[in-house]
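Hi there,

Here is the structure I promised to pass on to you. Have a look at it first, and then read my notes below.

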Amino acid sequence: MTQIIELTGAGYSNVIGENAGYFSSSKFGVHAVVEPGELVGVSGSRHDAITDCMIFLVPENTAAFIYNEFGIEHVIAKPGLYEYRKEGKTGMESLMDQVMEIFNRKKEPSFNSYIGYINTREINNIKFGTHGPLTYHDIQFDLDLEIYVYGNFSIAVTEPELFIRNFVQNYHSLSLDERNVRTQLLNEFLQSFTVGMVQLSKKYQLMYNGTYTKEIAAAVLSDPNHAGNWPLEYGFEIVDVNIENIELSDRSKELIEVYMANTKERIFDPNATLIGEQIEVLKSLKELLDEGVLTKEEFEIKKKDVMGF
């Protein structure tokens, strides 16, 4: 059994200054979430094995965890300076144990413990694209359109202990660029993204929904399954979703062209002379003006025709 002792008080900085061999986090890569601890002041190959009385730092925006061949020993999410020690033993007693191991010619303890760090900063620019067309009911055209969506999303670890125990399989390191990790994330994200887009279609026109990034992220998270369940199941969540491009299928482009042609015919019908019909026609003309289908001059001419001027 082991324990973690938090080092507090005025000696905080002095302990680091006097110990070149303390652990801290290494620099995380762009999509790195887990990295081994780095023994400050010591060069060479792997130096993440932690032994009795060793000191380690947990910087801001990180969490530390200690593990052995049997699993996780400790997870430390609070920034600060700590000491790793065998439970119930003083520093001198732990030191004597290590001396006795050498004296008894034991090359290694019965098992080694290691320290790793979790990146809790927001991890950006995870690219995605829909595998096939999504159906989006556009409220402007009142049509079911087939769309292809491309963009990126970001995530952040919010519960380090849940994350390391339930999601991470290789405690030594983990990057979102690893094929199996990326495949799982994208598959689950796209399933929740499809659910979210259906919700957004009830409120936003297709051409405008790319500006509602927070609403898109909230819609994805509202899915009780898949990516929406990440915070409870894995301890990380979606922070933001950005849509970079939306493409219509050829079939949907044809539907819009037919809709626009039919709309123009209805608007320009000279028999639409009743007051109620005139109002509706004027509203439709204004929409076409706003969308750039009609020029200002064309709008004024058609308006006069409708009003009988």
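What follows is a short account of the salt bridges, one helix and the aromatic pairs. Please keep in mind that this is a predicted model.

Salt bridges

Let me start with the charged side chains. The count of salt bridges comes to 7, and I will go through some of them here.

One of them joins R182 and D177, with the closest N and O atoms 3.6 Å apart. How exposed are these two partners? R182 has a relative accessibility of 22% and so counts as partly exposed. D177 is partly exposed too, with a relative accessible area of 45%.

Another salt bridge sits within helix 8, which spans residues 275-290. Here D290 pairs with K286, and the closest N and O atoms are 2.9 Å apart. The two residues are 4 positions apart in the helix, which is about one turn. D290 is exposed, its relative accessible area being 54%, whereas K286, at 40%, is partly exposed. The cut-off for exposed is over 50%, so D290 falls in that class with its 54%.

Helix 9 (residues 296-307) holds a salt bridge partnership as well, with K296 and E300 4 residues apart, about one turn of the helix. Their closest N and O atoms are 3.5 Å from each other. K296 is partly exposed, with a relative accessible area of 49%, and E300 is partly exposed at 26% relative accessibility.

Helix 5

Next, a helix with a buried side. Which residues of helix 5 (residues 213-221) are buried? They are T213, I216, A217, A219 and V220. Because these residues cover an arc of only 160° around the axis, they lie on the same side of helix 5. And what covers them? The cover includes helix 4 (179-200) and strand 14 (236-248).

Aromatic pairs

Now for the rings. The count of aromatic pairs comes to 16. Among them is the pair of F167 and F236, which is edge-to-face, with 5.1 Å from centre to centre and 75° between the planes. This pair links distant parts of the chain, as F167 lies in the loop between helix 3 (160-166) and strand 13 (174-175), F236 lies in strand 14, and the two are 69 residues apart. F167 is buried, with a relative accessible area of 9%, and F236 counts as buried at 1% relative accessibility.

F189 and F193 form a stacked pair, with their centres 5.6 Å apart and an angle of 25° between the planes. Both residues belong to helix 4, where they are 4 residues apart, about one turn of the helix. Are they buried or exposed? F189 counts as buried at 0% relative accessibility, and F193 counts as buried at 0% as well.

One last item on the rings: which residues do the ring pairs link into a cluster? The members are F163, F167, W230, Y234 and F236. F167 and F236 are the edge-to-face pair described above, and F236 is part of strand 14, which is also among the elements that cover the buried residues of helix 5. Helix 4 appears twice in a similar way, as it holds F189 and F193 and is part of the cover over helix 5's buried residues.

I hope you enjoy looking through it.

Best wishes

Conventions: Residues are numbered from 1 along each chain as its sequence is written. This is a predicted model: local features need pLDDT of at least 70, side-chain atom pairs count only at pLDDT 80 or more; totals for chains, interfaces and linings use all residues. Side-chain values use heavy atoms; hydrogens and water are left out. A salt bridge is a side-chain nitrogen of Lys or Arg within 4 Å of a carboxyl oxygen of Asp or Glu. Buried means under 20% relative accessible area, exposed over 50%, partly exposed in between (1.4 Å probe, protein chains only). The arc is that of the directions from the helix axis to the C-beta atoms. Contact means heavy atoms within 4.5 Å. Rings of Phe, Tyr and Trp (its six-membered ring) pair if their centres lie within 6.5 Å; planes under 30 degrees apart count as stacked, over 60 as edge-to-face and the rest as tilted.
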